[in-house]
Amino acid sequence: MPSNNTISVTLSQLAKMIDHSLLHPTMTDADVLAGLQIARENNVATACVKPYHIPLAIKELAGTDVLVCPVIGFPHGNSTTEIKVHEATAAAQAGGREIDMVVNVGKVLGGDWEYVTREIDQINRAVGSHGAILKVIFENDYLQPEHIVRLCKICTDLGVAFVKTSTGYGFVKQGDGSYNYLGATVSDLKLMRQHSGSNVQIKAAGGVRTLDDLLHVMRLGVTRIGATATVAILAEAKRRGISNEPTLVSFKSMEEKVGGY
C-alpha cells in the first residue's frame with residue numbers, strides 16, 4: 001500500500017501541471033523569449049506573461065498546445081473593476097486562454113464582499129465570453145483563514161475555474177524588518193481544497209520550487225503550479241526515473257523540508 005509520501009505520476013503529467021512564470025518586472029523581451037522556449041521545449045500547461053507580451057507568446061508558442069496565460073491587475077489587484085474587466089477582455093481577445101487576476105486585497109480585508117463578488121463575477125463573465133477561463137489570485141500572505149474560506153465560497157458560487165494562492169510578489173514585512181513571503185503553504189492549500197467546490201481547481205504559486213514540493217502539493221489536490229524553476233523540477237524528475245509511463249515516486253513533504261509552515 002503506497003504511503004502518503006508516494007504518488008504515481010508521469011513526466012508529461014508533471015509538465016502539464018506547470019504554468020511557467022515570466023512575470024518578474026526586470027524581464028526583457030530577450031528574457032521572455034528564452035522563457036517561452038523553455039515552455040515550448042518542456043510542453044508545460046501555459047506560459048504566464050504580462051499583457052504586453054501576449055503577441056510575442058502567441059507567436060513563439062504557435063504549433064504547440066502550450067497556452068498563453070496573461071495576468072490581470074498584477075501583482076497588487078488595485079485597479080478599478082472597470083480597468084480590470086477591460087484588461088481581462090483585451091487579454092482574452094488577444095489570445096490569452098487562461099487569465100490570472102488578483103483580487104482587491106483591501107476590499108477583502110475590509111469585508112466588502114459585495115464589491116469583491118461583483119468584481120470577480122464581471123471578470124469571469126468577460127473572459128468566459130471570449131473562450132478563456134479565470135484563475136483568481138487571493139494573495140494569502142495578506143489574509144486570514146476566514147478570508148480564504150470566504151473567497152473559496154465566492155469563487156465556487158461564481159463557477160470560477162481556479163483559485164490560486166499567491167502572485168509570488170506579495171511581500172510582507174517580517175519581524176526582523178525584512179520583506180518576504182510564504183506563498184503556497186500546506187495549511188492554506190488544504191483549506192482551499194476543503195472549501196472550494198469539486199469543479200474548482202487549485203493553483204499553488206510562490207514557494208513551489210522543487211520536484212518534492214510539486215509532488216507534495218499534488219497529493220494535497222493541487223492541479224496546477226506557478227513556477228520559475230520548471231527546468232530544474234523536470235530535470236530532477238528525469239533523474240529520479242519518472243518517464244511517460246506511470247511511475248511510483250516518493251517525496252519529502254514541504255513540512256519536513258522547512259520545518260512546517
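Here are a few exercises, with worked solutions, on a predicted model.

**Exercise 1. Work out how many disulfides the model has, looking at Cys48 and Cys155 along the way.**

Step 1. Start with the cut-off: two cysteine sulfur atoms have to lie within 2.5 Å to count as a disulfide.

Step 2. Try Cys48. Its closest cysteine sulfur belongs to Cys69 and sits 3.3 Å away, so that is too far for a bond.

Step 3. Now try Cys155. Here the closest cysteine sulfur is in Cys152, at 7.0 Å, which is again too far for a bond.

Step 4. Write down the total: 0 disulfides.

**Exercise 2. Decide whether Cys48 and Cys155 are buried or exposed.**

Step 1. You need the rule: buried means under 20% relative accessible area, and exposed means over 50%.

Step 2. Cys48 has a relative accessible area of 2%, so it's buried.

Step 3. Cys155 comes in at 0%, so it counts as buried too.

**Exercise 3. Find which residues the UniProt annotation "active site" covers, and say where they sit.**

Step 1. Check the record: the unreviewed UniProt entry puts this annotation on Lys164 and Lys203.

Step 2. Look at the spacing. The two span 40 residues in sequence, yet their C-alpha atoms are no more than 4.5 Å apart, so they gather at one spot.

Step 3. Look around that spot: both Lys164 and Lys203 belong to the lining of the largest pocket.

Step 4. Place them on the strands. Lys164 is in β7, residues 162–164, while Lys203 is in β10, residues 201–205.

Step 5. Check accessibility. Lys164 has 3%, so it counts as buried, and Lys203, with 1%, counts as buried as well.

**Exercise 4. Explore what Lys164 and Lys203 touch, leaving aside neighbours within four places in sequence.**

Step 1. For Lys164, the contacts include Asp100, Phe138, Met192 and Lys203.

Step 2. Zoom in on Asp100: its side chain and that of Lys164 are joined by a polar contact of 2.9 Å.

Step 3. For Lys203, the contacts include Asp19, Asp100, Lys164 and Arg224. Cys48, from the first exercise, is one of the contacts of Lys203 too.

**Exercise 5. Describe the surroundings of Thr6.**

Step 1. Locate Thr6: it's in strand β1, which covers residues 6–9.

Step 2. Its relative accessibility is 13%, so Thr6 counts as buried.

Step 3. List its contacts beyond four places in sequence: Arg219, Leu248, Val249, Ser250 and Phe251.

Step 4. Take Arg219 from that list. Thr6 and Arg219 are 213 residues apart along the chain, with 8.5 Å between their C-alpha atoms.

How values were computed. Residues numbered from 1 in each chain as written. Predicted model: local features only at pLDDT ≥ 70, side-chain atom pairs only at ≥ 80, totals over all residues. Heavy atoms only, no water. Buried < 20%, exposed > 50% of the residue type's maximum accessible area, 1.4 Å probe, protein only. UniProt positions renumbered as here; feature names shortened; annotations may be inferred. 1 Å grid on protein atoms, 1.4 Å probe; cavity = no way out; pocket = protein on both sides within 12 Å on 5 of 7 lines; lining within 4 Å. Helix = DSSP H or I, 4+ residues; strand = E, 2+ residues; numbered from the N terminus. Contact = heavy atoms within 4.5 Å. Polar contact = N/O pair within 3.5 Å; in protein donor to acceptor, adjacent residues only side chain to side chain.
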